[in-house]
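Colleague: I have just opened this entry and would like a guided tour. Could you take my questions one at a time?

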Amino acid sequence: MGHENTRNKRGSGTGAAAGRTLSRRLGAVTLPPFAQARRSGKGCMVKIVYVEPAGRLREVEVKDGWSAMEGAVRNGVEGIVAECGGTCSCATCHVYVDEPTYARLPPPDDIESAMLAATAAERRPTSRLSCQIRASESIAGIRLQIPERQY
Ligand code: FES
């Protein structure tokens with residue numbers, strides 16, 4: 001009993017108390033929006049339409065802040081391999097974004113641009129890596145065509 005109280009006072013316990021203690025130690029830590037939505041569990045759902053390589057349409061509700069790749073993999077959408085698990089180092093999550101939504105996405109950074117040069121399927125003007133597309137209200141209804149191959 002006394003041991004547990006000592007642990008909590010030191011901030012090495014678990015749950016909200018430990019989180020508050022950690023916040024005090026680190027000062028104000030601002031998490032990116034996708035992490036906040038995950039932590040709070042209050043994130044909304046964002047509709048993403050995937051077009052599988054064989055042409056089947058899949059409408060999936062993806063949690064705000066997840067990547068489009070995560071939404072596909074967790075819902076059994078075919079054609080997204082995501083070999084690297086979303087670290088932008090494999091290019092096996094290549095998709096073609098519908099043009100209107102493509103214009104609303106933040107542009108690919110240098111690493112993603114370099115990886116897009118190494119996709120197995122043809123690179124098009126609206127090519128993106130789905131692990132770099134964050135689900136948010138601003139892209140609700142995005143349509144992602146999955147190319148015929150990722151290798
Ligand atoms: S999952 Fe590997 S680059 Fe997107």
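Colleague: Which residues of E1 point to one face and are buried?

Modeller: This is a predicted model, and E1 shows a clear pattern in it. In a regular strand the side chains alternate between the two faces of the sheet. Along E1, Met45, Lys47, Val49 and Val51 point to one face and are not buried. The buried residues, which point to the other face, are Val46, Ile48 and Tyr50.

Colleague: What is the bridge partner of Ile48 in E2?

Modeller: Strand E2 covers residues 57-63 and pairs with E1 in the antiparallel sense over seven bridges. The two strands form a hairpin with five residues between them, and Gly55 in that turn has a positive phi of about 105°. Within this pairing, the partner of Ile48 is Val60.

Colleague: In which sense do E1 and E5 pair, parallel or antiparallel?

Modeller: Strand E5 spans residues 142-145. One of the bridges joins Val51 of E1 to Gln145 of E5. There are four bridges between E1 and E5, and the sense is parallel.

Colleague: Where does E3 point its side chains, and are they buried or exposed?

Modeller: E3 takes up residues 94-97, with His94 and Tyr96 pointing one way. Val95 and Val97 point the other way. Unlike E1, where one face holds residues that are not buried, E3 has side chains on both faces that are all buried.

Colleague: Which residue of E5 is the bridge partner of Tyr96?

Modeller: E3 pairs with two strands. With E4, residues 127-129, the sense is antiparallel over three bridges, and His94 has Leu129 as its partner there. With E5 the sense is again antiparallel, over two bridges, and the partner of Tyr96 is Gln145.

Colleague: What order do the strands have in the sheet?

Modeller: The pairings described so far build an open sheet of five strands with mixed pairing. Its edge strands, E2 and E4, each pair on one side only. From one strand to the next the twist averages 40°. Read across the sheet, the order is E2-E1-E5-E3-E4.

Colleague: How do the elements of the protein chain run from the N terminus on?

Modeller: The secondary structure comes to six helices and five strands. The order along the chain is another matter from the order across the sheet. From the N terminus on, the elements run α-α-α-β-β-α-β-α-α-β-β.

Colleague: Which residues touch the most other members of the largest nonpolar core?

Modeller: That core has 24 residues. The elements giving two or more residues to this core are E1 (45-51), H4, E3 and E5. Leaving aside neighbours within four places in sequence, Ile48 has contacts that include Val60, Val62, Gly71 and Ile142. The members that touch the most others are Ile48, Ala68, Ala135 and Leu144.

Colleague: Why does Ala82 count as partly exposed, while Ala91 is buried?

Modeller: Both residues have a positive phi without being glycine, with about 55° for Ala82 and about 65° for Ala91. Ala82 lies in the loop between helix H4 (68-74) and E3, and Ala91 lies in the loop between H4 and E3 as well. A residue needs 20 or more other C-beta atoms within 10 Å to be buried. Ala91 is buried because it has 24, whereas Ala82 counts as partly exposed because its number is 19.

Colleague: Is Pro106 buried or exposed?

Modeller: Pro106 sits in the loop between helix H5 (99-102) and helix H6 (110-116). Its C-alpha atom is separated by 9.7 Å from that of Gln132, 26 residues apart along the chain. Because Pro106 has 8 C-beta neighbours inside 10 Å, it counts as exposed.

Colleague: Over which residues does pLDDT stay under 50?

Modeller: Across the protein chain pLDDT averages 82, and 72% of the residues score at least 70. One stretch is under 50 throughout, and the model has 21 contacts for it beyond four places in sequence. That stretch is residues 1-40.

Colleague: What share of the residues count as buried?

Modeller: Among contacts between residues at least 6 apart in sequence, 63% join residues at least 24 apart. For burial, the protein chain has 151 residues, and the share that count as buried is 26%.

Technical notes:
Residues numbered from 1 in each chain as written. Predicted model: local features only at pLDDT ≥ 70, side-chain atom pairs only at ≥ 80, totals over all residues. Buried ≥ 20, exposed ≤ 12 C-beta atoms within 10 Å, placed from the backbone. Pairing = 2+ DSSP bridges. Contact = placed C-beta atoms within 7 Å. Core = buried A, V, L, I, M, F, W, Y, C linked by C-beta atoms within 7 Å. pLDDT = per-residue confidence, 0-100. Axes fitted to C-alpha atoms, helices over the stretch in contact; angles between N-to-C directions.
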